[in-house]
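Student: I've got a new model open and I'd like to practise reading it feature by feature. Can you walk me through it?

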Amino acid sequence: MKVAIVTDSNSGVTQQEGKDLGLFILPMPFMINETTFFEGITLSQEEFYNKLADNADVLTSQPTPDAVMGLWDEILEEYDQIVHIPMSSGLSGSCQTAKMLAEDYDGKVEVVNDHRISLTQLQSALNAKALADQGKTAKEIRECLEADKYESSIYITVNTLKYLKKGGRITATAAAVGTVLSIKPVLTIQGEKLDAFAKARSMKSAKKLMVSAIQKDLEERFNDPECSNMSLGVAYTEDREQAEDFKKELQEIWPNTDIAVYPLGLSVACHIGPGALAVACAKKVK
């Protein structure tokens, strides 16, 4: 039984990186000034942030049914089954759409709803690949991933309040006051939704808050203070150098852990803007 693993570009993985990892990557579409672009295909990270800087009208969208089924049909010419891992159902309707489309595939396509995004979504895909290599069926892999759906954690801080205001997550007044006071909100994803976690007065303080929070999760939620059974990673928007510096700080705390660095998917970047920084952990399969 050959089982293919599909995820989308919200995982932060490029098309080439997906090939290197043995994953299929569905590009997320965007409408920018009424023109459709596809992440990693016709829209690079650099081009996206240039358009944001030019105040372009950027809208996120779901992949069309034709795009999803076209990819599945192509894969099923070579593989027997597919495990499809979209971004969290709490952040996009693409998961529910994929589930509906999979009903026409007679069990050959299993859609995973494990409430993941970015680095945690990538770890789900890597877990799925490991399970497929062990000989698990698509259904068995989906059940395993969904059983561990809350075994992950993400903390994000933003550099600007402009995009949270634009998306309606904070009011114009709160954004204005926060900008004057140099407030750096720390957000979290624990399951389906993006929620407020804390407020900091500088990026340095925000990073300290995030490190403290992920340490507490590893110790108390996941019973893994050494981070030996969890993946640990840094995600960012536009500023990779800042992310690499943050990785060095984390590496001092967890010296024996491989720490990945990936850009946040552009569907997330639309809502938080450039200069954002995140730390994430997720359970690895044995």
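**Reading the core, a helix, loops and cysteines**

Tutor: Sure. Keep in mind that this is a predicted model. Let's begin with one residue: leaving aside neighbours up to four places away in sequence, Ile5 touches Leu23, Phe24, Val83, Ile85, Ala125, Ala128, Lys129 and Ala132.

Student: Which core does Ile5 belong to, and how many residues has it?

Tutor: General idea to start with: in soluble globular proteins, nonpolar side chains tend to be buried together. Here, the largest nonpolar core holds 47 residues, and Ile5 is listed with Phe30, Phe48, Val58, Val83, Ile85 and Ile141 as having the most contacts inside it. Helix H5, residues 118–133, supplies the largest share of this core, with 6 residues. There's also a second, separate core of 24 residues, including Val211, Phe222, Tyr236 and Ile259.

Student: How do I read H5: is it largely enclosed or not?

Tutor: A useful bit of background: an α-helix has 3.6 residues a turn, so residues three or four places apart point the same way. For burial, the cut-off is under 20% relative accessible area. By that test 12 of the 16 residues of H5 are buried, so the helix is largely enclosed by the rest of the structure. Among them are Leu119, Leu122, Ala125, Ala128 and Ala132, and also Ser118, Thr120, Gln121 and Asn127.

Student: What span should H5 have, and what does the model give?

Tutor: At 1.5 Å a residue, the 16 residues should span 22 Å, and the end C-alpha atoms of H5 are 23 Å apart, which agrees. Just past the helix, Gly135 takes a positive phi of about 95 degrees.

Student: Which residues have a positive phi although they are not glycines?

Tutor: Look at Asn55, with a positive phi of about 60 degrees, and Asn223, with one of about 50 degrees. Asn55 is in the loop between helix H2 (45–53) and strand E5 (58–60), while Asn223 is in the loop between helix H9 (203–221) and strand E11 (230–236).

Student: Are those two asparagines buried or exposed?

Tutor: The cut-off for exposed is over 50%. Asn55 counts as exposed at 56% relative accessibility, and Asn223 is exposed too, at 65%.

Student: On to strands. In what sense do E3 and E4 pair, and over how many bridges?

Tutor: Strand E3 (residues 29–32) and strand E4 (residues 35–38) run antiparallel, paired over 4 bridges. To check the register, find Pro29 and its bridge partner in E4, Phe38. The hairpin has 2 residues between the strands, and Asn33 in it takes a positive phi near 50 degrees.

Student: How does E3 pair with E5?

Tutor: Antiparallel again, over 3 bridges. Phe30 stands opposite Thr60 in E5. Phe30 is also on that list of residues with the most contacts inside the largest core.

Student: Last one: how many disulfides are there?

Tutor: The way in is distance: a disulfide needs two cysteine sulfur atoms within 2.5 Å. The structure holds 0 disulfides.

Student: Why do Cys281 and Cys270 have no bond to the closest cysteine?

Tutor: For Cys281, the closest cysteine sulfur is in Cys227, 6.5 Å away, which is too far for a bond. For Cys270, the closest is in Cys95, 20 Å away, again too far. Both count as buried: Cys281 has a relative accessible area of 1%, and Cys270 is at 13%.

Notes: Residues are numbered from 1 along each chain as its sequence is written. This is a predicted model: local features need pLDDT of at least 70, side-chain atom pairs count only at pLDDT 80 or more; totals for chains, interfaces and linings use all residues. Side-chain values use heavy atoms; hydrogens and water are left out. A nonpolar core is a set of buried Ala, Val, Leu, Ile, Met, Phe, Trp, Tyr and Cys residues joined through side-chain atoms within 4.5 Å. Buried means under 20% relative accessible area, exposed over 50%, partly exposed in between (1.4 Å probe, protein chains only). Contact means heavy atoms within 4.5 Å. The expected span of a helix is 1.5 Å times one less than its number of residues. Two strands pair if DSSP finds at least two bridges between them.
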